[in-house]
Amino acid sequence: MTDNELGLFLRGRREAVTPADVGLPSGTRRRTPGLRRAELATLAGVSVEYLARLEQGRDRHPSVQVLGALADALRLSADERLYLRRLSKGTGGNLLCPGAAPPARSVRPTVRALLDRLEPAPAILLNRLSDVLAFTTGYERLAGPSGLLDADPPNLIRFVFTDPRARARYPDWDRVADEQVASLRSEAYRADPHVAELADELTVTAGAPFTDRLQAAPLSVPRRTGVERLLHPDVGELRLAYETLGVGLPDADERRLIVYLPADEATSAALDHLNGRQPGALRAVTG
């Protein structure tokens, strides 16, 4: 590995993207393969001089906003965005600073017992980073086929913004994405280095769908109750009423317990089918 992996990667991706790929005229007499440096700089909203410094290794500390803009302009895939993020971390850039307590990774026995009592209802326990700490078997049957629980550890906001399966899972993806960013904002992400690190990561790996929401003026606080639509590969569309409960005390880290119940009779029957229960095990919540 050279000492300018970040710059070489940016240049290589620039030269691999054609003008047609980004909606620019191809023109004639192009001696540069792919995009000209000036074209990429314009698309990403940075100066040509700054882009040159990045590619030549004379600037090794791009902000996450610049990385996200370059990733969007270069049409990077999810894997390429992750690689770009790793390269930027390797140059000594925005490293995690000490400060706030680490996010919770464990689950108290009493909370696990509570989850057991909630069966067969789908329920999930999240920490402040939206890492999935625990879930009921009802939730596993609901979310497992979508891939949400595939990562180690699973993370809800990463799934929503970086896994292409999420858009198929959530018919109202835009609303769900808004809610996820609102929840992240509620954690005062700029003051919490752990939450800020996650926001920085998603700026690069998710790009504009995440950053546009994060940079926009917040319109509301996160909703703690409502109805969410999900598409399940086996039973089709489900309408789930959810309630969000805070279970942080007496711990330093706030945790969220989200419990889902059927919002109509069709969803009630579908969940009973998934759980192998007799009809009526999970009654619909109406009104």
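Helices (H or I, at least four residues) and strands (E, at least two) are here DSSP runs, numbered from the N terminus. The structure is a predicted model, in which local features need pLDDT of at least 70 and side-chain atom pairs count only at pLDDT 80 or more, whereas totals for chains, interfaces and linings use all residues. Residues are numbered from 1 along each chain as its sequence is written, and side-chain values use heavy atoms, with hydrogens and water left out.

Two cis peptide bonds are described first. The bond from Asp 152 to Pro 153 is cis, with omega near 0°, and Pro 153 is placed in the loop between helix H7 (137-143) and helix H8 (156-162). A cis peptide bond also joins Glu 119 and Pro 120, with omega of about 5°; Pro 120 belongs to the loop that lies between helix H6 (109-118) and S1.

The strands form an open sheet of five, in the order S2-S1-S5-S4-S3, with antiparallel pairing; two strands are taken to pair if DSSP finds at least two bridges between them. S2 and strand S3 (225-232) are the edge strands, each pairing on one side only. From one strand to the next the twist averages 30°. In general, strands of a sheet pair through backbone hydrogen bonds, either parallel or antiparallel.

Strand S1 (residues 123-126) is covered on both faces, with Ala 123 and Leu 125 buried on one side and Ile 124 and Leu 126 buried on the other. Here, buried means under 20% relative accessible area, exposed over 50%, and partly exposed in between (1.4 Å probe, protein chains only). In a regular strand the side chains alternate between the two faces of the sheet. S1 is joined to strand S5 (residues 256-262) by four bridges in an antiparallel arrangement, and Leu 125 stands opposite Leu 257 of S5. Three bridges link S1 to strand S2 (residues 132-135), again running antiparallel, with Ile 124 opposite Phe 135 of S2.

S1 and S2 constitute a hairpin with five residues between them. Ser 130, found in the loop between S1 and S2, has phi near 70°, a positive value in a residue other than glycine. Ser 130 counts as buried because its relative accessibility is 5%. A positive phi is also present at Arg 75, where the value is near 55°. Arg 75 is placed in the loop between helix H4 (64-73) and helix H5 (78-90), and counts as partly exposed because its relative accessibility is 47%.

Toward the other edge of the sheet order, S3 and S4 pair in the antiparallel sense over eight bridges, and Leu 230 has Leu 238 in S4 as its bridge partner. Thr 244 is found in strand S4 (residues 236-246) and is buried, with a relative accessible area of 13%. Leaving aside neighbours within four places in sequence, Thr 244 is in contact (heavy atoms within 4.5 Å) with Arg 223, Arg 224, Arg 256, Leu 257 and Ile 258.

Nonpolar cores are defined as sets of buried Ala, Val, Leu, Ile, Met, Phe, Trp, Tyr and Cys residues joined through side-chain atoms within 4.5 Å. The largest such core holds 39 residues, of which Tyr 139, Leu 148, Val 160, Phe 161, Tyr 170 and Phe 210 touch the most other members. Beyond its neighbours within four places in sequence, Phe 210 contacts Ile 157, Phe 161, Val 181, Leu 184, Ala 199, Leu 202 and Thr 203. Apart from this core lies another, of 23 residues, including Ala 41, Val 46, Leu 74 and Leu 87. In soluble globular proteins, nonpolar side chains tend to be buried together.

The axes of H4 and helix H11 (residues 193-205) come within 7 Å and cross at roughly 20°. These axes are lines fitted to C-alpha atoms, for helices over the stretch in contact, and angles run from 0 to 180 degrees between N-to-C directions. H4 and H11 are therefore roughly parallel to each other, a class reserved for angles under 35 degrees. Val 64, Gln 65, Leu 67, Gly 68 and Ala 71 of H4 make the contact with Asp 200, Thr 203 and Val 204 of H11.

Key
Angles under 35 degrees count as roughly parallel, over 145 as roughly antiparallel, 65 to 115 as roughly perpendicular and the rest as oblique.
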